[in-house]
Amino acid sequence: KNVMNSKFIKSAYIIVILMFSYFVILNYFSEANVSKINNNRLNFDKQVNDYQKNLHVLKNDTNNVIFYNTESLIEKKIKKRKFWELLNNNE
């Protein structure tokens, strides 16, 4: 009896899963769903275009914001690298 119940339960699970998959696929590929998806895509494109038309362009106020302190760069002693000396010696 136990084996019979186990087979019955397994077959019931398989039937339920197959029916669920069938109805989901049937609904997904239905004409109503496809037309609803296409309408949503068109409406989204229209909304994006409307928002783009109403965007304000901001004035650029970032000119001359960064000031470089060139005096401190000149005052620093730059260490001479040995690698360049090796290249010069080979010439």
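**A walk through a four-helix model**

Let's start with Asn 33, which sits in helix H2, the stretch covering residues 31-53. Keep in mind that this is a predicted model. Is Asn 33 buried or exposed? At 16% relative accessibility, Asn 33 counts as buried, because the cut-off for that label is under 20%. That is worth a pause, since buried residues make up just 1% of the 91 residues in the protein.

So what does Asn 33 touch, once residues up to four places away in sequence are set aside? Its contacts are Asn 27 and Tyr 28. With Tyr 28 there is also a polar link: the side chain of Asn 33 reaches the backbone oxygen of Tyr 28 at 3.0 Å.

Now zoom out for a moment. The protein has 4 helices and 0 strands, and reading from the N terminus the order is simply α-α-α-α. Its accessible surface comes to about 10200 Å², and carbon and sulfur atoms account for 61% of that.

Back to the rings. The structure holds 2 aromatic pairs. Take Tyr 22 and Phe 23: their ring centres lie 5.5 Å apart with the planes at 65°, so this pair is edge-to-face, given that plane angles over 60 degrees earn that name. The other is Tyr 28 with Phe 29, where the centres are 5.0 Å apart and the planes meet at 80°, so this pair is edge-to-face as well.

How covered are these rings? Phe 23 has 49% relative accessibility and counts as partly exposed. Tyr 28, the residue whose backbone oxygen Asn 33 reaches, also comes out at 49% and is partly exposed. Phe 29 has 60% relative accessibility, so Phe 29 counts as exposed, the cut-off for that being over 50%.

One last stop is on the outside. Which residues make the nonpolar surface patch of about 540 Å²? They are Ile 15, Met 19, Tyr 22, Phe 23 and Leu 26. Ile 15 belongs to helix H1, which spans residues 2-28. You've already met two members of this patch, Tyr 22 and Phe 23, as the partners of an edge-to-face pair.

Note on methods
Residues numbered from 1 in each chain as written. Predicted model: local features only at pLDDT ≥ 70, side-chain atom pairs only at ≥ 80, totals over all residues. Heavy atoms only, no water. Helix = DSSP H or I, 4+ residues; strand = E, 2+ residues; numbered from the N terminus. Buried < 20%, exposed > 50% of the residue type's maximum accessible area, 1.4 Å probe, protein only. Areas by Shrake-Rupley, 256 points an atom, 1.4 Å probe, with all protein chains shown as cover. Patch = residues over 30% accessible without salt bridge, like charges linked within 9 Å, V, L, I, M, F, W, Y side chains within 5 Å. Salt bridge = Lys/Arg side-chain N within 4 Å of Asp/Glu carboxyl O. Phe/Tyr/Trp six-rings, centres within 6.5 Å; stacked < 30°, edge-to-face > 60°. Polar contact = N/O pair within 3.5 Å; in protein donor to acceptor, adjacent residues only side chain to side chain. Contact = heavy atoms within 4.5 Å.
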